[in-house]
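The following exercises are meant to be worked through with the sequence and the model side by side. Each task sentence is followed by a solution that goes step by step.

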Amino acid sequence: MSDPLPRLVVSVHGSTVTVAGDIDAHSCPELEAALEPLPGAGDVHVDLAGVGFMDSSGLRVLIGAHQHAAAADRRLVIGRPSGSVLRLIEVSGLSGHLHVDDTT
Amino acid sequence: MSESGNPSAGGHVLIVAAEPSMIASLRHRVATLARASGARDELVDDLRLVVSELATNVVQHTDSDTIRMTFRREPTRFVLDVDDAGALTGLEHISAPGPDRLAGRGLSIVRAVMDDVEIVDDDGRRRLRCTRGIS
């Protein structure tokens with residue numbers, strides 16, 4: 001039987017990382033691999049428009065990358081998060097800490 | 001996945017192997033049951049998050065071979081029980097970690113999105129019980 005659940009698809013172009021699927025403890029190593037080391041130069045954009053679900057496993061990866069970026073004088077920008085991902089960031093108390101860009 | 005019971009009568013029991021690859025199945029199944037039981041979209045999203053965090057705790061922090069959850073709709077609230085959800089001593093000590101902490105956020109997230117989170121003893125089985133009122 002084929003797996004009917006969405007798998008995580010991570011693609012990297014320059015310093016933009018585009019993610020689609022669900023991010024959890026099972027799938028987050030794929031995101032981690034794309035962000036460690038940080039890709040490209042300048043700000044790293046993680047486009048989450050295709051992510052319908054994320055839990056604290058994904059948050060752990062993003063916080064780690066955020067810290068690596070800050071240490072290198074770069075920024076990790078989380079782009080186009082869904083409502084449920086925004087809520088996760090909010091209830092975790094990280095709204096004022098992570099850079100979130102939901103304008104595009 | 002092994003399933004039995006009814007969400008509106010005693011509870012629907014779900015049992016899966018305690019493996020990371022099974023967490024998504026559990027999440028999707030509880031979301032489907034919750035929707036069928038009348039939960040609104042926001043609550044369905046929150047339950048998916050709670051299931052994922054608690055299942056991850058069982059996989060990462062216990063020796064259990066299985067993850068066992070029970071989902072139930074009562075007249076005034078939704079109830080999700082999980083057996084052996086990690087080292088459950090002293091829930092009162094769980095607080096949101098600072099922004100620089102990488103891990104250990106699961107239970108504080110669960111507490112933030114549910115109305116009540118408590119440890120219950122049910123016939124010698126230790127469970128974490130999460131409830132959310134029906135508005």
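Helices (H or I, at least four residues) and strands (E, at least two) are taken here as DSSP runs, numbered from the N terminus. The model is a predicted one, in which local features need pLDDT of at least 70 and side-chain atom pairs count only at pLDDT 80 or more, while totals for chains, interfaces and linings use all residues. Residues are numbered from 1 along each chain as its sequence is written, and chains are lettered from A and ligands numbered from 1 in the order in which they are written.

**Exercise 1. Locate A:R80 and A:D73 in chain A, and state the phi and the exposure of each residue.**

Step 1: A:R80 sits in the loop that leads from strand 4 to helix 3 of chain A, whereas A:D73 belongs to the loop between helix 2 and strand 4 of chain A.

Step 2: The phi of A:R80 is near 50 degrees, a positive value in a residue other than glycine, and that of A:D73, also not a glycine, is near 60 degrees and likewise positive. As background, most residues other than glycine have a negative phi, and most peptide bonds are trans.

Step 3: A residue is called buried if 20 or more other C-beta atoms lie within 10 Å of its own, exposed if 12 or fewer, and partly exposed in between, with C-beta atoms placed from the backbone. A:R80 counts as partly exposed because it has 18 C-beta neighbours inside 10 Å, and A:D73 is exposed because 7 other C-beta atoms lie within 10 Å.

**Exercise 2. Find the cis peptide bond at A:P37 and place this proline in chain A.**

Step 1: The bond from A:E36 to A:P37 is cis, with omega near 5 degrees.

Step 2: A:P37 is part of the loop between helix 1 (28-35) and strand 3 of chain A.

**Exercise 3. Describe the sheet of chain A and the helix that packs on it.**

Step 1: Counting two strands as paired if DSSP finds at least two bridges between them, one obtains an open sheet of five strands in the order 1-2-3-4-5, with mixed pairing.

Step 2: Strand 1 (9-13) and strand 5 (99-101) of chain A are the edge strands, each of which pairs on one side only.

Step 3: Within this sheet, strand 3 (residues 44-54) and strand 4 (residues 76-79) of chain A are joined in the parallel sense by four bridges, and A:L76 in strand 4 is the residue opposite A:V44.

Step 4: Helix 3 (residues 83-91) of chain A packs on the sheet and touches strand 3 and strand 5 of chain A. Contact here requires that the C-beta atoms of two residues, placed from the backbone, lie within 7 Å.

**Exercise 4. Is A:S92 buried or exposed, and how far is its C-alpha atom from that of A:S56?**

Step 1: A:S92 lies in the loop between helix 3 and strand 5 of chain A.

Step 2: A:S92 counts as buried because it has 20 C-beta neighbours inside 10 Å.

Step 3: Although A:S92 and A:S56 are 36 residues apart along the chain, their C-alpha atoms are separated by 8.6 Å. A:S56 is one of the buried residues of helix 2 of chain A.

**Exercise 5. Which element of chain A supplies the largest share of the side that touches chain B?**

Step 1: The contact involves 21 residues of chain A and 23 residues of chain B.

Step 2: Helix 2 (56-71) and helix 3 of chain A each supply at least two residues of the side of chain A that touches chain B, and the largest share, seven residues, comes from helix 2 of chain A.

**Exercise 6. Trace the elements of chain B, and follow strand 3 of chain B through its pairings.**

Step 1: Chain B has three helices and six strands, which run β-β-α-α-β-β-α-β-β from the N terminus on.

Step 2: Strand 3 (residues 66-73) of chain B is mostly covered, with six of its eight residues buried.

Step 3: Strand 2 (residues 11-17) and strand 3 of chain B run antiparallel and are joined by six bridges, and B:V16 has B:I67 as its bridge partner in strand 3.

Step 4: Strand 3 of chain B is also joined to strand 4 (residues 77-83) of chain B, antiparallel and by five bridges, with B:R73 opposite B:F78 in strand 4. These two strands, 3 and 4 of chain B, form a hairpin with three residues between them.

Conventions
Axes are lines fitted to C-alpha atoms, for helices over the stretch in contact, and angles run from 0 to 180 degrees between N-to-C directions.
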